[in-house]
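Let's take a walk through this protein together, moving from the overall fold to a handful of individual residues. Keep the viewer open as you read.

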Amino acid sequence: MDSRTPLLLNPKAGSLFRSGLKDWLRKHRKDFVFVPTKSAEDLMEQARRLAERGEPVVAAAGGDGTLMCAANGLVGTETALGILPCGTMNVFARELGIGSRRFDIALAAIQGDKRQDVDIFSVNGRPFLQVAGFGPDARVIELITPQLKKHLGAAAHVVTGIQVATERPATITLTLPDGEVLKGTQVLMGNGKRYGGEAHLFADAAYDDGRLDTAIIDQENIGILFEIMGIIVSRGATTHNISDFTALRSIKSCEITADAPLPYHLDGDYAGTLQPGNTLKVERMPHKLKVCVPAICAPASPIDRLMAHPMMTLLREKLQLFNEL
């Protein structure tokens, strides 16, 4: 029986080059069976087929969005998800102690025997691993085109953020199962502590408690965006870095409506726009996901932290574009 781990990847993904994963994989070919994928749907189907075949671990190379596609094929099975984090932020991998682009630690977790059961929540049936956002932060992501991201990298969020800061936000209504109604202009939901990298926006969140830590903010767009960006840059430690919460709740489920079109994102990927008169249902899925985690979560070194900074990501992307010319 082949002892190598199936590895789902997009061989044309720029993140393989920018992160250094492609060179790393050349040295570790004996550890993996490469499974090329053509799309997010294909990656999910490949993961499901491998789980049905009885693979104990299926690994995926990519960022949070790619990992969610793989997770969607594995959730509820006995197959564990292995993570090779080569995206821009890699929030989920950081949360689990693997870190961003620390491939040797990721491999040790894949080949080790420690597994973490992770709750999976969904928005109208569409699952997410780490965070969901409704409002201005999702509008920023919606406006980032592939071309803009290619040329500006992480700085694309700043450019689109300036545009969003001038727009009028929708008023969001969040209704809890007990009938409590909360209103704001931005809603952030965390399955884990982190938002946007190292920032601990949800200080008390845990992956296995069956709940989402939810912040409801009531501000103009410019205030919301400056507060969120400030937390990311300063690596804020608690939710209190955002000053104007309407409420902070730990919830199991809720319904969301809005008085104007409301963009939302799941794990940093634009997921759609809720139209007035419609409803989004947020709830926990019935099955958990098994994930490979390190036996010991070693702290990131100063070099790791430097290389994970968004400006270093931008520099790597610019160098890659130069090499392609």
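A helix here is a DSSP run of H or I with at least four residues, and helices are numbered from the N terminus. With that in hand, please remember as we go that this is a predicted model.

Let's start with a pair inside one helix. Asp23 and Arg26 form a salt bridge, and their closest N and O atoms lie 2.4 Å apart. Both belong to helix α2 (residues 21-26), and because they sit 3 residues apart there, about one helical turn separates them. How open to the outside are the two partners? Asp23 is partly exposed, since its relative accessible area is 46%, while Arg26 reaches 53% and therefore counts as exposed. The cut-off that divides these two labels is 50% relative accessible area.

Now step back to take in the whole chain. The protein has 12 helices and 18 strands. Of its 325 residues, 52% are buried. If you take the contacts with a separation of 6 or more, 72% of them come from residues 24 or more positions apart.

Back to charges, then. Side chains of opposite charge can pair when their charged atoms come close. The structure holds 11 salt bridges, and a few of them deserve a visit. Glu55 and Arg53 join their side chains in one of these, at 2.6 Å from N to O. Here the partners have contrasting surroundings: Glu55 is buried because its relative accessibility is 12%, which is under the 20% cut-off, whereas Arg53 is exposed at 60%.

Another salt bridge connects Lys288 and Asp119, with 2.2 Å between N and O. This pair links distant parts of the chain, as its members are 169 residues apart. Lys288 lies in the loop between β17 (280-284) and β18 (289-292), and Asp119 in the loop between β5 (115-118) and β6 (121-123). Which of the labels buried, partly exposed or exposed fits Lys288? With a relative accessible area of 32%, Lys288 is partly exposed. Asp119, by contrast, has a relative accessibility of 1% and so counts as buried. Elsewhere, Arg139, Glu142 and Glu167 are joined into one network by salt bridges that share partners.

What about cysteines? The structure holds 0 disulfides. Two cysteines to look up are Cys254, which counts as buried at 1% relative accessibility, and Cys292, also buried with a relative accessible area of 1%.

Next, turn to how two helices pack. Helix α3 (residues 40-52) and helix α4 (residues 64-74) meet at an angle of about 40°, and their axes are 7 Å apart. That angle makes α3 oblique to α4, because angles under 35 degrees would count as roughly parallel and those from 65 to 115 as roughly perpendicular. The crossing of the two helices is right-handed. Which residues of α3 and α4 meet? From α3 come Ala40, Leu43, Met44, Ala47, Arg48 and Ala51, and from α4 come Thr66, Cys69, Ala70, Asn72, Gly73 and Leu74.

Follow the chain back to the loop between β2 (32-36) and α3, and you will find Thr37. Thr37 is buried, as its relative accessible area is 6%. Setting aside residues up to four places away in sequence, Thr37 touches Leu8, Leu9, Asn10, Pro11, Asp42, Leu43 and Gln46. Leu43 is a name you have just seen among the α3 residues that meet α4.

Finally, visit two strands. Ala247 is placed in strand β13 (residues 245-251) and is buried, with a relative accessible area of 6%. Which residues does Ala247 contact, leaving aside neighbours within four places in sequence? They are Leu182, Thr214, Ala215 and Ile216. In the case of Thr214, the C-alpha atoms are separated by 8.2 Å, and the two residues are 33 residues apart along the chain.

Ala215 leads us on to Met189, which is found in strand β11 (residues 186-190). Met189 and Ala215 are 26 residues apart along the chain, with 6.5 Å between their C-alpha atoms. Met189 is buried, and its relative accessible area is 0%.

How values were computed. Residues are numbered from 1 along each chain as its sequence is written. This is a predicted model: local features need pLDDT of at least 70, side-chain atom pairs count only at pLDDT 80 or more; totals for chains, interfaces and linings use all residues. Side-chain values use heavy atoms; hydrogens and water are left out. A disulfide is a pair of cysteine sulfur atoms within 2.5 Å. Buried means under 20% relative accessible area, exposed over 50%, partly exposed in between (1.4 Å probe, protein chains only). A salt bridge is a side-chain nitrogen of Lys or Arg within 4 Å of a carboxyl oxygen of Asp or Glu. Axes are lines fitted to C-alpha atoms, for helices over the stretch in contact, and angles run from 0 to 180 degrees between N-to-C directions. Angles under 35 degrees count as roughly parallel, over 145 as roughly antiparallel, 65 to 115 as roughly perpendicular and the rest as oblique. A crossing is left-handed if the near helix is turned anticlockwise from the far one by less than a right angle, and right-handed if clockwise. Contact means heavy atoms within 4.5 Å.
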